[in-house]
Amino acid sequence: MRNFLEGKKMRGYISGTYVISKNTEEGDPVLIDTWEANNAKIITWINNSVEHSIGMQLAKYETVNEVWNHL
């Protein structure tokens, strides 16, 4: 998964180095939307790669970094 995300230039999401303020007053709404879309996409990729029972445990997390740290 790390190599896959590196190839997609999204590894910063799992490491926690690529974070963005969700407050639209502090940040660019387009960047926030992009971050949220990529975060959801990666969580979906992870969920599709693990057993259903593990995926159920991951549902409580909102960010890829939280999901990754749980795993």
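A salt bridge is taken here as a side-chain nitrogen of Lys or Arg within 4 Å of a carboxyl oxygen of Asp or Glu, and the structure holds 1 such salt bridge. The structure is a predicted model, in which local features need pLDDT of at least 70 and side-chain atom pairs count only at pLDDT 80 or more, whereas totals for chains, interfaces and linings use all residues. Residues are numbered from 1 along each chain as its sequence is written, and side-chain values rest on heavy atoms, with hydrogens and water left out.

The protein contains 5 helices and 0 strands, where helices (H or I, at least four residues) and strands (E, at least two) are DSSP runs numbered from the N terminus. Read from the N terminus on, the order of the elements is α-α-α-α-α. Taken along the principal axes, the box filled by the C-alpha atoms is roughly 40 × 25 × 15 Å. Of the 71 residues in the protein, 24% are buried; the term buried denotes under 20% relative accessible area, exposed denotes over 50%, and partly exposed covers the range in between, with a 1.4 Å probe and protein chains only. The exposed surface of the protein amounts to about 5000 Å², of which carbon and sulfur atoms supply 49%; accessible areas come from the Shrake-Rupley method with a 1.4 Å probe, and for residues only the protein chains shown count as cover. With contact defined as heavy atoms within 4.5 Å, residues 24 or more positions apart account for 42% of the contacts that have a separation of 6 or more.

The largest nonpolar core, a nonpolar core being a set of buried Ala, Val, Leu, Ile, Met, Phe, Trp, Tyr and Cys residues joined through side-chain atoms within 4.5 Å, has 11 residues, namely L5, M10, Y13, I14, W35, I42, I43, I46, L58, V64 and V67. Two or more residues of this core are given by each of the elements α2 (11–15), α3 and α5 (64–70), and the largest share, 4 residues, comes from α3.

Within this core, Y13 is counted as buried because its relative accessibility is 3%. Once neighbours within four places in sequence are left aside, Y13 is in contact with Y18, T34, W35, N38, N39, I42, V64 and N65. The structure holds 3 aromatic pairs, where rings of Phe, Tyr and Trp (its six-membered ring) pair if their centres lie within 6.5 Å, and planes under 30 degrees apart count as stacked, over 60 as edge-to-face and the rest as tilted. Y13 and Y18 form an edge-to-face pair, with 4.9 Å centre to centre and 85° between the planes. Y18 has a relative accessible area of 36% and is therefore partly exposed. Ring pairs join Y13, Y18 and W35 into a cluster.

Two asparagines of helix α3 also contact Y13. N38 lies in helix α3, which spans residues 29–49, and counts as buried because its relative accessibility is 14%; apart from neighbours within four places in sequence, N38 is in contact with M10 and Y13. N39 likewise lies in helix α3 and, with a relative accessible area of 5%, is buried. Beyond its neighbours within four places in sequence, N39 is in contact with Y13, E62, T63 and V64. A polar atom of the N39 side chain lies 2.8 Å from the backbone nitrogen of V64.

E62, one of the residues in contact with N39, is placed in the loop between α4 (52–58) and α5 and counts as exposed because its relative accessibility is 60%. Leaving aside neighbours within four places in sequence, E62 is in contact with N39 and I43; the C-alpha atoms of E62 and I43, which stand 19 residues apart along the chain, are separated by 8.7 Å.

Towards the N terminus, K9 is found in the loop between α1 (2–7) and α2. Although K9 is not a glycine, its phi is positive, at about 60°, and with 77% relative accessibility K9 counts as exposed. Side chains of opposite charge can pair when their charged atoms come close. The side chains of R11 and E6 meet in a salt bridge, with an N to O distance of 3.6 Å. Both partners are partly exposed, R11 having 38% relative accessibility and E6 a relative accessible area of 43%.

Methods:
Polar contact = N/O pair within 3.5 Å; in protein donor to acceptor, adjacent residues only side chain to side chain.
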